[in-house]
Amino acid sequence: MEPYEHATQRSERRPWVVGVSGASGTPYAAAVVRGLLAAGEGVDLVVSRASRLTLLDETGISFRDAHWRDDLRQWLSLGADGKPQAFDVGDAELARVRYWAAGDLAAGPSSGSYPVKGMLIVPASTACVAGVALGLSKDLLQRAASVTLKERRPLVVAVRETPLSGQTLRQLVALDEAGAIVLPASPAFYAGATHIQDLVDFVAGRVLDAAGVPHRYYRRWKGELGGGRAPEGS
Ligand SMILES: Cc1cc2nc3c(=O)[nH]c(=O)nc-3n(C[C@H](O)[C@H](O)[C@H](O)COP(=O)(O)O)c2cc1C
């Protein structure tokens with residue numbers, strides 16, 4: 001072995017941790033995971049206990065640790081309206097996903113020495129915002145976020161709540177000051193959305209932008225008013 005090679009193996013898996021907390025917005029999480037896989041990235045997935053309720057509510061899926069691959073496959077196949085879409089997430093893409101139970105505090109992402117590129121919390125509940133801002137580490141999702149901050153890796157927090165209390169606003173400022181990118185799940189209407197999925201993909205695209213991951217999720221602003229309403233390519 002060459003000196004130092006062990007520390008810089010080119011083939012070393014270095015995924016993004018995707019944390020799904022219990023805020024409304026599970027379609028955002030599905031779109032971000034699809035986008036990461038489409039870009040050839042690896043994903044380490046953490047689904048909080050509370051997010052199983054939002055997932056059940058928004059998709060009808062009872063997410064099970066023991067059957068996560070089947071449940072994730074089904075989730076990723078759904079559009080923002082909760083109906084099956086023609087999303088192409090095959091076995092090769094799913095093989096790039098590693099799943100960690102939210103209660104598993106011995107999981108890889110709970111240590112800074114576990115190689116990851118960073119973490120995307122999509123959607124982020126206000127409880128999650130509070131926990132990460134305070135460094136509570138009450139579950140793997142919050143611990144992985146604290147690790148991401150202490151290791152100075154990118155952390156994107158797609159908070160979903162409205163209105164926001166002063167308490168949450170102060171916690172979001174604390175996260176910003178700690179180096180996180182606070183990215184409200186706040187769709188825009190300049191990109192020519194015609195379906196709910198377009199609005200979801202806009203937010204997912206902004207999350208991927210913040211992570212530096214290429215995607216084709218939305219039409220970028222080109223400096224022309226009304227450009228989003230013009231036919232694509234004109
Ligand atoms: C159907 C449903 C929707 C919810 N939507 C939100 C939401 O949009 N934003 C939020 O901050 N909390 C929301 N909650 C509350 C969180 O799930 C709750 O605060 C929970 O403790 C979050 O835990 P977690 O951060 O560990 O996932 C919702 C709960 C349910 C059951």
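Reader: How many helices and strands does the secondary structure of the chain come to?

Author: There are eight helices and six strands. Both are DSSP runs numbered from the N terminus: helices are H or I over at least four residues, and strands are E over at least two. Along the sequence they follow the pattern β-α-β-α-α-α-β-β-α-α-β-α-β-α. Please keep in mind that this is a predicted model: local features need pLDDT of at least 70, side-chain atom pairs count only at pLDDT 80 or more, and totals for chains, interfaces and linings use all residues. Residues are numbered from 1 along each chain as its sequence is written.

Reader: What makes the strands a sheet, and in which order do they lie?

Author: Two strands pair if DSSP finds at least two bridges between them. By that rule, the six strands form an open sheet with parallel pairing, in the order β3-β2-β1-β4-β5-β6. The edge strands are β3 (97-100) and β6, since each of them pairs on one side only.

Reader: How do you know that β4 and β5 pair?

Author: Four bridges join them, in the parallel sense, and the definition asks for at least two, so the pair qualifies. Among the partners, M119 is matched with L155 of β5, and L120 with V156 of β5. On to β6 (residues 181-182): two bridges join this strand to β5, and they too run parallel. There, V157 stands opposite V182. The chain gets from β5 to β6 through α7, and this β-α-β crossover is right-handed. That name applies if, with the strands pointing away from the viewer, the path from the first strand over the helix to the second runs clockwise.

Reader: Why is β5 called mostly covered?

Author: A residue is buried if 20 or more other C-beta atoms lie within 10 Å of its own, exposed if 12 or fewer, and partly exposed in between, with C-beta atoms placed from the backbone. In β5, five of its five residues are buried. In a regular strand the side chains alternate between the two faces of the sheet. Here L155, V157 and V159 point one way from β5 while V156 and A158 point the other way, and all are buried. For the chain, buried residues make up 40% of the 234 residues.

Reader: Why does S146 count as buried or exposed?

Author: S146, in helix α6, has 22 other C-beta atoms within 10 Å, so it is buried. Setting aside residues up to four places away in sequence, S146 touches V132, G135 and S137. A touch here is a contact, that is, C-beta atoms placed from the backbone and lying within 7 Å. Of the contacts in the chain between residues at least 6 apart in sequence, 74% join residues at least 24 apart.

Reader: What makes the phi of S137 worth a look?

Author: Most residues other than glycine have a negative phi, and most peptide bonds are trans. S137 has a phi near 55°, a positive value. This serine sits in the loop between α5 (126-134) and α6 (140-150), and its 17 C-beta neighbours inside 10 Å make it partly exposed. R152 also has a positive phi, near 60°. R152 lies in the loop between α6 and β5 and counts as exposed, because it has 11 C-beta neighbours inside 10 Å.

Reader: Which bond joins V122 and P123?

Author: A cis peptide bond, with omega about -15°; P123 belongs to strand β4 (residues 118-124). The bond from T162 to P163 is cis as well, with omega near -10°. P163 is found in the loop between β5 (155-159) and α7 (166-177).

Reader: Which residues come nearest to the ligand?

Author: G22, A23, S48, A50 and C128, of the 16 residues around the ligand. A residue is near a molecule if its C-beta atom, placed from the backbone, lies within 6 Å of it. Two or more residues of the shell come from each of α2 (51-59) and α5, and α2 gives the most, with four.

Reader: What is the radius of gyration of the chain, set against a compact globule?

Author: The chain has 18 Å, and a compact globule of 234 residues would have one near 17 Å, so the two agree. The radius is taken over C-alpha atoms, and the globule rule is 2.2 Å times the number of residues to the power 0.38.

Technical notes:
Two residues are in contact if their C-beta atoms, placed from the backbone, lie within 7 Å.
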